[in-house]
Amino acid sequence: MIVSHQPVMVDEVIMYLITNPDGIYVDGTVGTGGHSIEICKRLGPRGALICLDVDRASIEVAKERLSPFAERVTIAKESYVELDRVLKEIGIDQVHGILLDLGMSSYQLESSGRGFSFTKNEPLDMRMDEDRGVTASDLVNKSSVERLQRLLWDYAQERWATLIARAIVEERRIQPLTSSRQLALLIEATIPAKYRPRKIHPATKTFQALRIAVNRELQNISDFLEKAPLFLVRGGRLVVISYHSLEDRLVKQAFLHWDKWDRHPRKLPVFPSEGKPAIGALQKRAYRPRQAELNGNPRARSARLRVAVRI
Ligand code: SAH
């Protein structure tokens, strides 16, 4: 069964991203197409959408779901970091808006069979792009104890990083770590019972750290943000949704340091949510999902949305 992914903060994305229905837009992380479908519905007769993702299986689902809009949609298996090359190949200089919805999709977590979830017994791969890079199992079986420890701390602030790194290295002397369940059980057995986190599975942070490392998620965001303003027309928008503080910090810092960005775009409309403006409407803080969405979509819980305008 394919678990479809419920897109996060859709109304906000549409409102902040689309300034001109006949413009050209980029969904840099199309996933299974949740946001893209909504964007397409709002485009005018001359509007166009370029969709990218590195996950081939997701791209296939997105193609199918976006087929009613095929005339105005281009879908490619490419990394958003390569947007300059992709635009050049299509013969486009600049676009009116770019969306990045970071993190991973419910499809990847639930149906990809690539070991993203500690609740499943799958090969420990975690690559979103199966055509390149090392797998999570390569990382845990080959990295030094110091590297593992640093990775768990840097990418997830796992307080048991040292203990878990040592346990991994000990375990792999007996047998290589090849499945998500094997790793999840090992971590569960490693963290002393009285310190086990109550609200989350003890393996949550380790899985997050491995996923971030395998997919070079933070490097990709930094690389992209450095060149992002160049891809936008004046007044064009970049909308980024992040799901943990490391990502959000990169986005916030990039917006602060770019003289080509208006980082406090005061002319953005204020979202009329339950009678209140959206939190952080003036961009000093990130926008958060409204309560109604939080109730219906648990994945939205950690979402933070930031908008910058090219000046
Ligand atoms: N907005 C989507 C969900 C996106 S989830 C929807 O509504 O369906 C995040 C997606 O980003 C995943 O599909 C993942 O494969 C993709 N991704 C991760 N790194 C990427 C990169 N460097 N370039 C393009 N896509 C990437």
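Are Tyr80 and Phe224 buried or exposed? Both of them are buried, and the views below start from that pair in this predicted model.

**Figure 1. The whole chain, before zooming in.** Count along the protein chain and you get 13 helices and seven strands. Its radius of gyration is 20 Å, close to the 19 Å that the globule rule gives for 311 residues, so the chain is as compact as a globular protein of that length. Along its principal axes, the C-alpha trace spans about 60 × 40 × 35 Å. Buried residues make up 54% of the 311. Now take the contacts with a separation of 6 or more: 67% of them come from residues 24 or more positions apart. As for the outside, the chain exposes about 14,800 Å², and carbon and sulfur atoms supply 50% of that.

**Figure 2. Tyr80 meets Phe224.** The structure holds five aromatic pairs, and here's one of them. The ring centres of Tyr80 and Phe224 are 5.4 Å apart, and their planes sit at 85 degrees; anything over 60 counts as edge-to-face, so that's what this pair is. Why does the pair tie together parts that are 144 residues apart in sequence? It does so because Tyr80 lies in the loop between strand 3 (73-77) and helix 4 (83-90), while Phe224 belongs to helix 11 (residues 217-227).

**Figure 3. Phe224 has a second ring partner.** Phe224 also forms an aromatic pair with Phe231, and this one is tilted. Centre to centre, the two rings are 6.1 Å apart, with 40 degrees between the planes. Phe224 has a relative accessible area of 1% and Phe231 has 5%; buried means under 20%, so both residues make the cut. Put the ring pairs together and you've got a cluster of Tyr80, Phe224 and Phe231.

**Figure 4. An arginine over a tyrosine ring.** Look for Arg299 in this view: it lies over the face of Tyr243. The distance from the ring centre is 4.4 Å.

**Figure 5. His244 and the residues it touches.** Next up is His244, which you'll find in the loop between strand 5 (232-242) and helix 12 (245-257). Is His244 buried or exposed? Its relative accessibility is 15%, and the limit for buried is under 20%, so His244 counts as buried. Which residues does His244 touch, leaving out those up to four places away in sequence? They are Gln208, Ile212 and Leu218.

Definitions and conventions
Residues numbered from 1 in each chain as written. Predicted model: local features only at pLDDT ≥ 70, side-chain atom pairs only at ≥ 80, totals over all residues. Heavy atoms only, no water. Phe/Tyr/Trp six-rings, centres within 6.5 Å; stacked < 30°, edge-to-face > 60°. Helix = DSSP H or I, 4+ residues; strand = E, 2+ residues; numbered from the N terminus. Buried < 20%, exposed > 50% of the residue type's maximum accessible area, 1.4 Å probe, protein only. Lys NZ or Arg CZ within 6 Å of the ring centre and 35° of its normal. Contact = heavy atoms within 4.5 Å. Rg over C-alpha atoms; globule rule 2.2 N^0.38 Å. Areas by Shrake-Rupley, 256 points an atom, 1.4 Å probe, with all protein chains shown as cover.
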